[in-house]
Amino acid sequence: MAYENIIVEKREHVALIRLNRPKALNALNSALMRELGDALVKADADEDVGAIVITGSEKAFAAGADIKEMRPKSFVDVYREDFITSEWEAVTRVRKPVIAAVAGYALGGGCELAMMCDFILAADTAKFGQPEINLGVMPGAGGTQRLTRFVGKSTAMEMNLTGRFMDAAEAERKGLVSRIVPADELVEEAVATASKIADKAPYAVMATKEAVNRAYETTLAEGVRFERRMFHALFATEDQKEGMDAFVEKRTAQFRGQ
Ligand code: HXC
């Protein structure tokens, strides 16, 4: 598939996906989401890729779903298409870690896309919001659910009901983003972080991601039981021997994904 709305590069073992509709502040139309889904499936299947970064431009990660594309749709259209489930949630099906590197606006579907990633690194210019209420609608890709889990009910309710934006400092303070970096270092820092992950034992990485995600889906006792079984399973890998041998021999581990 030839991409017109995203740019994909490989930096060593990291797939870097840039959303690229600058004139529309990376508004997420169906063509862009189709391309993003395709790029994510390919990066997930590529044995040479250990982690993925999704970013936008300096001005916008993404200013939301494309309002001009959504505007004429009827209830029957959106219900029949199940707008937006299948393509939009491609990122949640990726088994390798996905980092959202957010500068500028991450609004509506843009904020929701960032929250579907495994963690968010924010530039000091980042602004998050769910302004759908101003359009006579409401979030449709997790804004009422994921944001509430990240920042708690009061803030999520206020943001969803008023459409106010949250700056990077508040997003860090309230746990929406893992940390803030200067805007001009954002992409390099995200790629360096992804690269650090890509150097680790791939099955340990995948199992860790799966286990952390369980924390949002189940009870504490079940989650801990799941974690323990995954932990046990990793003793079936050669990388466990390599990691522990390397520690004892005071050298850097060379993980091989076995
Ligand atoms: C389509 C968009 C867009 C969007 C911006 N543009 N956001 N087009 N869909 N979501 C376009 C503008 O129409 C404009 O095009 C160009 O990008 C530049 O935007 P401006 O508004 O001129 O820029 P600025 O004044 O800097 O304001 C930036 C902004 C504002 C605050 C981000 O653009 C804005 O409020 N955008 C909409 C944000 C929003 O409501 N998002 C939620 C969408 S609903 P022209 O052609 O005029 O130059 C949603 C639902 C998700 O996401 C549900 C599930 C998927």
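Strand E2, residues 14–19, and strand E3 run parallel to each other and are joined by five bridges. This pairing belongs to a predicted model, and every statement below should be read in that light. One position shows how the two strands are matched: Val14 stands opposite Ala51 in E3. To pass from E2 to E3, the chain travels through helix H1, residues 30–45, and the resulting β-α-β crossover is right-handed.

Strand E3, which spans residues 51–55, deserves a closer look. Five of its five residues are buried, so the strand is described as mostly covered, given that a residue counts as buried when its relative accessible area is under 20%. The cover extends to both faces of E3. On one side lie Ala51, Val53 and Thr55, and on the other lie Ile52 and Ile54; all of them are buried. Besides its pairing with E2, strand E3 pairs with strand E5, residues 98–102, in the parallel sense over four bridges. In this pairing, Ile54 stands opposite Ala100 in E5.

A further group of strands forms an open sheet. It contains four strands in the order E4-E6-E8-E9, and their pairing is mixed. Strand E4 (60–62) and strand E9 (166–167) are the edge strands, each pairing on one side only. At the E9 edge, strand E8, residues 127–129, is joined to E9 by two bridges, and these two strands run antiparallel. Within that pairing, Lys127 has Asp167 of E9 as its bridge partner.

The description now turns to the ligand. Which residues come nearest to the ligand? Of the 24 residues around it, these are Lys59, Ala63, Ala65, Ile67 and Gly109. Three of these residues can be followed to individual atoms. In the side chain of Lys59, an N or O atom is 2.8 Å from an oxygen atom of the ligand. For Ala65, a polar backbone atom is 2.8 Å from an oxygen atom of the ligand. For Ile67, a backbone N or O atom lies 2.9 Å from a nitrogen atom of the ligand. Taken alone, the ligand exposes 1000 Å², and the protein buries 66% of that area.

The shell around the ligand can also be described by its elements and by its residue classes. Helix H2 (67–70), strand E6 (105–107) and helix H6 (109–116) are the elements that give two or more residues to this shell. The largest share, three residues, comes from H2. By class, the shell divides into 14 nonpolar, four polar and six charged residues.

Two residues may serve to show how burial is judged. Is Leu186 buried or exposed? Leu186 lies in helix H10, residues 186–198. Its relative accessible area is 3%; because this value is under 20%, Leu186 counts as buried. The C-alpha atoms of Leu186 and Ala122 are separated by 7.3 Å, although these residues are 64 positions apart along the chain.

Ala215 provides the second case. This residue is found in the loop between helix H11 (202–214) and helix H12 (220–233). With a relative accessible area of 58%, Ala215 is classed as exposed, because the value is over 50%. Ala215 and Phe226 are eleven residues apart in sequence, and their C-alpha atoms are 9.8 Å apart in space.

Key
Residues are numbered from 1 along each chain as its sequence is written. This is a predicted model: local features need pLDDT of at least 70, side-chain atom pairs count only at pLDDT 80 or more; totals for chains, interfaces and linings use all residues. Side-chain values use heavy atoms; hydrogens and water are left out. A residue is near a molecule or strand if one of its heavy atoms lies within 4 Å of it. A polar contact is a pair of N or O atoms within 3.5 Å; within protein, one must be able to donate a hydrogen and the other to accept it, and residues adjacent in sequence count only if both atoms are side-chain atoms. Accessible areas come from the Shrake-Rupley method with a 1.4 Å probe; for residues, only the protein chains shown count as cover. Ala, Val, Leu, Ile, Met, Phe, Trp, Tyr, Cys and Pro count as nonpolar, Asp, Glu, Lys and Arg as charged, and the others, Gly among them, as polar. Buried means under 20% relative accessible area, exposed over 50%, partly exposed in between (1.4 Å probe, protein chains only). Two strands pair if DSSP finds at least two bridges between them. A crossover is right-handed if, with the strands pointing away from the viewer, the path from the first strand over the helix to the second runs clockwise.
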